[in-house]
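Colleague: Could you take me through one part of this model slowly, as you would for someone in the first year? I would like to begin with a single residue and then see how its surroundings fit into the whole.

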Amino acid sequence: MTIFSRLFFDNEDEQLLELVRDVLKGDTTALDPLLSRNLHPRGIKELAASRGLRMAGATARLSESFSSGGAEERIAALRSLRDEVLLTGGPNRHNTARVLIQIMKEIVARIRSGGADTTTLLRLAHDFRLATTGKPRLIRKELIRRHLLEMPEEWNQYAFDHHVHDASSKGRKNPSQLLLDASLKGIRQLTVVYYNTLGPAVIEELLTAGRILDMEIQVAIEFAVPFRDRYARITWEPRGFEDKNVVLRFLQNKAVRQLLDDGNEVVRWKEKYVFAVLDTFNNTHRHELGKQAGCEIPPCDRAEFLKFVGPGQPSLIHLASFIRATLPPDCDISLQKIIDSCLLPKCNPQLPDPGDPHNSDASRPALLRTTLPGLLARLRHLQPTSGFTLNLANLSPQDMLELLYLSGGGITHIEAWNLKNYGQFSANRPGACSRELNDEAGERCLRHFFTLAGNLQRALSRDNAIALKQVVRDIIDDYTASLHKKEQEVVATKTGQEELLEMKQRSLDLLDILHNLQKFRNFYSGHLLGSRIGSSSTGRAADYFRGMGLVVIDTLPRRVQREVRRECREGKRSLTPARATLIRNHHTIARQKGRKDKSWTDWSLTEIRLNFAGSGNITTLGGIGAEFDHPAPWYRYLNSHLKNVLKITIGFIPAMLTFMLTKDWWLLAWFGAPLWFTITGLRNIIQSVLGGGGLRRSPLLPWNSFISWSRISDSLLFTGFSVPLLDWLIKTVLLDHGMGVNTTTSPLLLYAVMGMANGIYISSHNLIRGLPTIVAAGNIFRSILSIPVAVAINGGVAALLGTLGVPGIDGILQRWAAIISKFASDCVAAVIEGLADRRSNTNTSLDIFRSKFNRIFSLYADLELLMPDTRLPTLLDNPELCEAELRRTSPRDLRHLIVNALDIMYFRFYLPRGVRALHELRREMSPEECAILDRSQLILSRWQEISRLLVSGSIGAHFDKMLSFYLNNRQSYLREIPFHAQESEETSKENSSARQYQNESRRP
């Protein structure tokens, strides 16, 4: 082992990397049983594999399923990964889970690519292990390093993206992968848009993954309708479905299937155009592009291109990405350069433009010839509660006005802002913004467009006739200005007469809307014209694009709000000109007497409006910059033991110097600092043991299993600097020499000032360490309580010394005043913080037990349906009969019953405060639920069957620790089950009846 490896990183870091490498070699069969959803992450499988190994296996399994697995495999892997990081409890679990998944994804990706050096991988492994501690400040730093915003732990942020694509349209990621990345960003609401058609299997995976990740998923299909010289894009959002099964039944409807078939015809028609562009690129454009770039560009193979597209719909975006992926290493051409110079319709005039509804292609599908009113009527007939969003890309304010009027109020939303369209806004017609404009002119044009669009939306939504008339006149005046400009061009150039006539006719159509303003107003009377904001993310990086996801800043933690606004000012994050108006909802569920009510808050959106004049409150979730533009300091990767020693040493030096330089009594001079540190260390140990169970903890949990030596070293580091503050500056300089306050003149004032100073110091470093504000405030309260304790100790010591006849009592007490104050403060802290840790551990155990109880009750319900002729309570009362019956009818449910029982047994012995949590839950449960729970545990008496199950590897290949735990503790655990201990005579009779039933059922 080198000196470098001794100083930096830990043996556990190298072990974690070795475990991940072993998993990525392709054989995950040993881990697959551990990733079953019936095994709780904090349950018995902890004895078979470490958390890091299980996370590596789940991540590797998920990564592999993204590229080669089916939907069921991806869903199973996604659920396993989510359970491993989110069901472990803790006050900071959501943000910690995001960091852990992101780091493990990076480790897996770098090992698979083979391009990462060992030091980089060790850094990531060390980051992962540090993140498992869940320390708030550390998690915040990791979120910043990975361009992830910290979200509130209530997980109630209003984060959304109403326009993204997966691999089934033009995106890069399959549904599970898309939703995992969205969850890492903190998105709660997602609208996935497909073009013209969709598949039931894709929707099933999408909705299932959304339920696993606690995301609200909306599926939408975008259609194109002919409008003048272009296509307008309408997004259909079928709503009003209760669950996934209702959606799937809706897709099986005959009329819906016919619509999707018509959409498939459009997809095939557009696919022909993409292949034609590919052929043109091979024959012409690749040579010209190669000359410009100074390299040889190989031709693109159609079969390889289709393989690259995968399950999606071939598009020009796919083609551009494929071309760029096949470029030789010496050929550096951007994705946008390929699109602009080779793939756009203007670059291929010999091909019929698919964006022109008047092109001469006779094979144009019927769906592309359907008018806006006809399409809306057809879709509303399929689902009356549907929503329809008008995409404003490549539309002018006049287009928007006419389309809203033509829809007869059918359009329910407009896509008020789109990150991609804002970066790529382009058109070649009057009133539109062109990319050829310079930045300043283009920005003015966009502001003008979105101002008119926003004013029109607002006037319709608020049913304001005066504002509606004014904005319609503004839109007409805007068009009239373009018409006059066109007239001047025609006079000057003597060309464009036909286009001028079309513009004049359109001017009359716009005036017709003005003259029928009441009719237009009635279309939207009584309901809002809502807004949609999205990114059009496809999972491909581009210069103009910030990735998917937006969030309303007001729903983030206050500290994060300040940071986000600073980043927006510095250009590191985009702030949209959209302002969301939200209502904060407070919910409370009244509990039974003596129990705390359950309460939570969430947000409801009322409106989103564009306001270029003011500041918006919606920002992008994607940052700008390199992957790691916030590098961690070198000392972060020091060996953990060495780091702890250095922390203690750094804190010990000022403490030791203070006592040596200010005390003339050798005992305090040489042993004052060690005594000070001993008080702090013992307080942390007592606090941890008390919080984990105290003297009544499980015999399987030794006292040091509750102790975090890193936490103790942090505490000793900061307590060392409190010595010069309290003993020298406060006690000696300020109080004694400055104010004449000491243990002789005013011991109460002395200890009060020292206690408050100590409380302020502790609260300050708590905030620096990133602990919650309530913890910092609690330390002020703790210091107040320590004042009478310190005074009492001072009086007790004085009385003891007086009894012993010790001379100079006042001087002795003055010299020891700081240590007395410190001792009193830590005594109070050991009790208060120990109780807080106990409550935190109890809450964590309650969450873990509840999740497992839900599994047990769900399994019980399944067994009731599986065996309608059997009295299930009677069957469970007899473990031998239950085992035989379930082995015959449903071996899978027998395994689940055993697994659940083993997990509960493991919780009982290994969860801190697990026994207390179990007793609290039993008081909440009904007698029937308690009986179900107790009966489900009786299967543990079948030690032979359970031993065979464990030895067979059905719950993990490394079964030795699990088997030893079960065999050594099963009898003591079964004696604790109330139902088993109080089995009545009636139950015995039912057991006899059950045996008779078993014998009869086996007769031929």
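What is the relative accessible area of T284? Please take a close look at that spot, and then move outward from there.

Modeller: Happy to! Please keep in mind that this is a predicted model. The relative accessible area of T284 is 35%, so this residue counts as partly exposed. T284 sits in helix 11. In space, its C-alpha lies 9.1 Å from the C-alpha of C342, although 58 residues separate the two in sequence.

C342 is a good signpost, because the cysteines of this region deserve some attention. The structure holds 1 disulfide, and the pair that forms it is C295 and C331, with 2.1 Å from S to S. Chemically, a disulfide is a covalent bond between the sulfur atoms of two cysteines. C295 is found in the loop between helix 11 (254-293) and helix 12 (302-309), while C331 is in the loop between helix 13 (316-325) and helix 14 (335-343), so the bond ties together parts that lie 36 residues apart in sequence. Each end of the bond is tucked away: C295 is buried, with a relative accessible area of 11%, and C331 is buried as well, at 7%. C300, by contrast, is in no disulfide, and the nearest cysteine sulfur, that of C342, is 9.9 Å away. C300 is buried too, at 6% relative accessibility. Elsewhere in the chain, C568 counts as buried because its relative accessibility is 17%, and the cut-off for buried is under 20%.

Now let us step back to the whole protein. The secondary structure comes to 38 helices and 11 strands, and buried residues make up 53% of the 1004 residues. Among contacts with a separation of 6 or more, 75% join residues that are 24 or more positions apart. The pair T284 and C342 gave you a small taste of parts that are distant in sequence lying 9.1 Å apart.

Two helices make nice worked examples. Helix 7 covers residues 136-145, and its buried residues are P136, L138, I139, E142, L143 and R145. Those residues pack against helix 5 (93-113) and helix 6 (118-131). Just after helix 7 comes H147, with a positive phi near 55 degrees. Helix 16 (residues 397-406) is mostly covered, with 9 of its 10 residues buried. Its buried residues include P397, M400, L403 and Y405. G408 follows helix 16, and here the phi is again positive, near 60 degrees.

The strands are worth a look as well. Nine of them form an open sheet in the order 7-6-5-4-3-2-1-8-11, with mixed pairing. At the edges are strand 7 (530-534) and strand 11 (618-620), each of which pairs on one side only. From one strand to the next, the twist averages 30 degrees. At one end of this order, strand 6 (residues 413-418) pairs with strand 7 in the parallel sense over 5 bridges, and H413 has G530 as its bridge partner in strand 7. Helix 9 (residues 200-212) lies across strand 2 (189-195) and strand 3 (216-227), running at about 140 degrees to strand 3.

What about the inside? In soluble globular proteins, nonpolar side chains tend to be buried together. Here, the largest nonpolar core has 206 residues, and L190, L456 and F520 have the most contacts inside it. Helix 32 (residues 891-910) gives the largest share of this core, 11 residues. Leaving aside residues up to four places away in sequence, L190 touches several others, among them D161, V164, L178, M215 and I217. Another core, of 30 residues, lies apart from the largest one and includes A673, F677, I730 and Y751.

Finally, a word on confidence. The mean pLDDT is 83, and 88% of the residues reach 70 or more. Over residues 425-432, however, the pLDDT is below 50, and this stretch has 30 contacts in the model beyond near neighbours in sequence. The pLDDT is also under 50 over residues 979-1004, where the model has 24 contacts beyond four places in sequence. Where pLDDT is low, the predicted coordinates should not be read in detail.

Methods
Residues numbered from 1 in each chain as written. Predicted model: local features only at pLDDT ≥ 70, side-chain atom pairs only at ≥ 80, totals over all residues. Heavy atoms only, no water. Buried < 20%, exposed > 50% of the residue type's maximum accessible area, 1.4 Å probe, protein only. Helix = DSSP H or I, 4+ residues; strand = E, 2+ residues; numbered from the N terminus. Contact = heavy atoms within 4.5 Å. Disulfide = S-S within 2.5 Å. pLDDT = per-residue confidence, 0-100. Pairing = 2+ DSSP bridges. Axes fitted to C-alpha atoms, helices over the stretch in contact; angles between N-to-C directions. Core = buried A, V, L, I, M, F, W, Y, C linked by side-chain atoms within 4.5 Å.
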